[in-house]
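Reader: Could you take me through this one slowly? I'd like to know what stands behind each word you use.

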Number of protein chains: 2
Amino acid sequence: MAKPTPLSGFPELLPAQRVIEQQVLDILRHTFELHGFAGIETRSVEPLDALLRKGDTSKEVYLLRRLQEESPDGHAGLGLHFDLTVPFARYVLENSGHLQFPFRRYQLQRAWRGERPQEGRYREFTQADIDIVGPGELAFHHDVEVMRVMVEALAALPIPPVSFQFNNRKLIQGFYRGLGIEDVTGAIRVIDKLDKLPAEEVTRQLVEDVGATPEQAAQCLELATIRVSDTSFVERVRGLGVDDELLDTGLSELAAVIDGCADATTDRVSVEANLRIARGLDYYTGTVVEIYMAGYERLKSVGGGGRYDALADDGRTTYPGVGVSFGVSRTLLPLIADGVLDGSRPVPSVVLVAVNDEDARADSTAVAARLRARDIPCEVAPSPQKFGKQIRFAERRGIPYVWFLPSSEGHGHEVKDIRSGEQTPADADTWAPPVEDLHPHIVTTEEKQ
Amino acid sequence: MAKPTPLSGFPELLPAQRVIEQQVLDILRHTFELHGFAGIETRSVEPLDALLRKGDTSKEVYLLRRLQEESPDGHAGLGLHFDLTVPFARYVLENSGHLQFPFRRYQLQRAWRGERPQEGRYREFTQADIDIVGPGELAFHHDVEVMRVMVEALAALPIPPVSFQFNNRKLIQGFYRGLGIEDVTGAIRVIDKLDKLPAEEVTRQLVEDVGATPEQAAQCLELATIRVSDTSFVERVRGLGVDDELLDTGLSELAAVIDGCADATTDRVSVEANLRIARGLDYYTGTVVEIYMAGYERLKSVGGGGRYDALADDGRTTYPGVGVSFGVSRTLLPLIADGVLDGSRPVPSVVLVAVNDEDARADSTAVAARLRARDIPCEVAPSPQKFGKQIRFAERRGIPYVWFLPSSEGHGHEVKDIRSGEQTPADADTWAPPVEDLHPHIVTTEEKQ
C-alpha cells in the first residue's frame, strides 16, 4: 500500500485536534442534558423516498448499494441522511407510542452530503441538533426555551463570538399581507437576495416579478433593514404603519424570544432581531434563526433553525416542533485549520511512568495502576531507555510529568514536571497533578500568545 | 407520510435504551483514557480497493454513489468501512509524520456490513477498538498491556460475565511444525472446525486433506482440548513431547498474557488459555483472543483481536500492532432486547419544576436556572395544569422530583419525591437530589427483582 492521501470533503482530525471536537461535544451534551434534553442517535440511512421529499437537496444524497447486489437500484433504495431533522421526524413517527411528549431530544451525529467540498462544507460532517416536538400543538414558550438552550450551549464553547439573528415568519408574512402584497412567498424569496443583490435590483424584482407597487417595495426594504439587539424593533415596525393580526403575533413572538434570551447572552454570544432573516422557503412557520460567528462570516451561518408547524405527520397526527442546529464540523474545522483552536496535548496521559529496566516493568505498571485507581491517566514508558530519552519521549507526546521509581542511586519515588524541571518525592497513592494538567484541553490563540 | 416501520439490520434505541449505550461508551472511554489511549475517529468511507483487500468480506461492503452522478461506478469507488481496523491502518500510514509511536488509540465508532441481519449481527453497528502500533518493531509487552486494558474496561461494564479466551499463533504453528505437519495453515483451518464437527471428522480431515499421520492428528486434537485459567497449559503442552523454537516463544508469550491479566480479573471477567482458538486465518501472527459472554454463547464472540506483525505497510515501513475490539451493538442490543439491561429513566431531568400559572412561567424558569447552575438537570413543566397532572407528567417521564414554587396557599419553595410522596421545604441554591438520582443510569435485571 502506498502512502494514502486524504479524501477531499471527508476531513479527519489528528489526536490533539480530536481533543477539541470531543470537548466541544462534551460541553454541548452537558448543557443539553442540564435542560432535560434526552440524547438519541438515529441510524445513518433512510429510505430514499424520505430523503427526497425535500426536493432541493436530492442531488446531494449518497445512495447505498451492496457490492454483490444484483440490481444496482434494488436494495430498498437506501441513502445516507443529509441532516438530523429528517431522521428525527421519522423516529418520532415510528416511536410515537413509546415517547413522552413534548419530546425533547438532542442529537450529536454525522451526516453526509455529496456537494462540492469547500471551507466549512464537507461531504461528511457532525451536527448538534436540539428539538422539542409535540403532537397536535406545541406551546410557543418552547420556542424561547430551545433558543435559549442553544445560546447557553454556545456561550460555554471556546469559539469566537457568535450572534443569534432572529426573525419570525409570521411577522414577515403578516407585514407583506398587511401591505397588500398578494405573492407573499415571492416577496420573501426576493428579499432573501438582499445579501447578494443591490437594493435597487431587489426593488426592481419586487415590482416587476412580484407585482408590488414601488411604495410597497420600499416598505419591504425598510422592514428588512431593521436590525436591533433589543425589542425596539416592535416600535419601528409599528412606525411603518402596517396593520395585520399575523404581524402582531409575529412581533410579540419575536419580542418574547429576544427578551427570553437576553440574560443568557455574554460577551461571546449576542442576540439580535434581524428582520431580513428568512431562512429559506421550506417548512418554517414562526421563529427563525441564523447563527453567525465573528470573523467567519464567509462560512455564512454556523447554525440555524426555527419553528415548524408540521415537522412530522403520520396521516392521523401532526407534530409541530421547534429546533436549532449547530454545525460542529463547519465551525471547528476552519478554526482548527486557522490555528485558533488547538488541543493541549495529543494523549490523555498526564504522567509517563519511567521504567528502570525491562525486568522491573511490573513495578512501573504497579505505580501506574495506583495512579489510575485515583483517576489519573498515565502510561508506562515503552522501553527502559536512559532517563533522558524517556523524558524526551514524554516531551514529544506532550506528557507533562515523568514518574521515577526507586533506583540504585538511592532515591525513592519521585515525579518530575518536565516543563519546569522540578523533581520532588511523591507517593503514588496520594500525589496528584494540578487539576488543569489532568486532562488535555482546548487551547485558544489568545492563551497561546 | 404513513407510520414508518423499522429497517431490518439498522437498529435504533429508545431514549431510555440509549442511556445504556451512552453509559457503556462513557465507561469504555474513561478506562481507555486512563491508560493513555487517545480517542480518534476516522471518516466513515474508504476507497473501495482498500476495503476489498481483505477478500472474504468484499460482498458485505456498502458502496456509495451520489444520486445525480453520471456513471454509477465513477465517484472514486467509495464504500462504508466494515470495521475500524482497515481505516485505522490507513490513518496511521497517512498521518505517520504527525503521530508519536508507539501510537495508542481507541475508537468508538459505527461500521457497516451488508450481511443478513440476525441477533447480534447488524448492518450498522458500533464497535470499541483499542490498538497499539509502532513502526518497525513493537515490543511484546504491549500484547499484555492492550489485553489487560480491555479486561479492565469490560470488568467495569454492567453486563453478564465475559471470558477472554487467549491463544497464540506461534504456539499453534510451532507445535504443528514441531510435529512434522507440513501444511500448517491447512491444519489450523481444520482444527478451527472443532466447534462444528465431531472430533472423528476433524481427525479424518487432518489425515486425508492435510496429510497428517493418525498420530499427528491425535496430537493436534490433544493440543486443542487444553483449556485452563492459569499457566499450567505450559506443562501440559510440554507433556505432549513436541519440541520447537517457535512453540517455546508462543508458550512464553501466552503465559505472559495470562499472568499479566490475572490480577485484573473479577467475578465478571475471567481469562483462560484455550488452545483451540485460532481466530480465522487472516493477519494475526502471535497473541489471539476471542471474548465470550456467559449465557450468550449463541452470539459467538462479542469481541476479539490479537497481534499482527503487519497492520500497515507503506512500502518503506511496516507497522506491527496489537489490538482488541469489543462489539458494543452486538453485546448490548441482545441484552436490551432480553430485558437484562434497561435505563433508569428516558430523560436526563431529575427535577420537574412545576408552573403555578402561565404568567408566572419565568419564576419557574428562574428556579430551574438556579438548579442548573449547580449541575442539576431539570426541566420546567410544559403547561400550568393542576399539580396532580403536573406530578403525573413527571411520573410518565420517570422524573423523580417535582419542585413547587410559593403559591397562594402560603407555603414557600418545596420539593416532592414523587416515589415516596414526601414533600419538604427546599432552597434552589442549596438543595440537591441524592447522587444516585442525579443522572439516569443502567438498571440490570438483578436490581429490578
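Author: Let's start with β17(B) and strand β18 (residues 423-425) of chain B, which pair in the antiparallel sense.

Reader: What makes β17(B) and β18(B) a pair?

Author: Two strands pair if DSSP finds at least two bridges between them, and β17(B) and β18(B) have three, so they pass. One bridge sets B:Val415 opposite B:Thr424 in β18(B). The two strands also form a hairpin with five residues between them, and in the turn B:Gly421 has a positive phi of about 85°. By the way, this is a predicted model, where local features need pLDDT of at least 70, side-chain atom pairs count only at pLDDT 80 or more, and totals for chains, interfaces and linings use all residues. Residues are numbered from 1 along each chain as its sequence is written, and chains are lettered from A, with ligands numbered from 1, in the order in which they are written.

Reader: And what does β17(B) do with strand β16 of chain B?

Author: Those two, residues 414-417 and residues 401-404, pair in the antiparallel sense as well, over four bridges. B:Val402, for one, has B:Lys416 as its bridge partner in β17(B). The names come from DSSP runs, numbered from the N terminus: helices are H or I with at least four residues, strands are E with at least two.

Reader: Over in chain A, why is the pairing of the five-strand sheet called mixed?

Author: The order there is β15-β14-β16-β17-β18 in an open sheet, and its pairing is given as mixed. One parallel pair is β14 (residues 351-353) with β16 (residues 401-404) of chain A, over three bridges; A:Val353 stands opposite A:Trp403 in β16(A).

Reader: Which strands of chain A are the edge strands?

Author: β15 (378-380) and β18 (423-425), as each pairs on one side only. Neighbouring strands of the sheet are turned by 25° against each other on average, direction ignored. Helix α12 (residues 361-373) of chain A lies across β14, β15 and β16, running at about 175° to β15(A). Axes are lines fitted to C-alpha atoms, for helices over the stretch in contact, and angles run from 0 to 180 degrees between N-to-C directions, so 175° falls at the high end of that scale.

Reader: What makes α5(A) and α6(A) a packed couple of helices?

Author: Helix α5 (residues 169-179) and helix α6 (residues 184-191) of chain A pack at an angle of about 115°, with their axes 10 Å apart. Touching are A:Ile172, A:Gln173, A:Tyr176 and A:Arg177 of α5(A) and A:Val184, A:Ala187 and A:Ile188 of α6(A). Residues are in contact if their C-beta atoms, placed from the backbone, lie within 7 Å. The crossing is right-handed: a crossing is left-handed if the near helix is turned anticlockwise from the far one by less than a right angle, and right-handed if clockwise.

Reader: How many residues of that α5(A) and α6(A) contact are nonpolar?

Author: Five, with one polar and one charged. Ala, Val, Leu, Ile, Met, Phe, Trp, Tyr, Cys and Pro count as nonpolar, Asp, Glu, Lys and Arg as charged, and the others, Gly among them, as polar; so A:Tyr176 goes with the nonpolar ones and A:Arg177 with the charged.

Reader: Back to both chains: how do you know how chain B sits relative to chain A?

Author: A rotation of 180° with 0.0 Å of shift along its axis superposes chain B on chain A, RMSD 0.0 Å. The two copies are thus related as by a two-fold rotation axis. In chain B, the C-alpha nearest that axis belongs to B:Leu64, 2.5 Å away. The superposition is by least squares on the C-alpha atoms of residues with pLDDT of at least 70 in both copies.

Reader: Why do you say the copies meet through the same surface?

Author: Because 100% of the interface residues of chain B are also interface residues in chain A. On each side the count is 66 residues. Elements of chain B giving two or more of them include α1 (15-34), β3 (62-66) and α13 (387-397). The chain B side divides into 29 nonpolar, 16 polar and 21 charged residues. Strand β3 (residues 62-66) of chain A also runs antiparallel to β3(B), joined by five bridges, with A:Leu63 opposite B:Arg65.

Technical notes: Contact = placed C-beta atoms within 7 Å.
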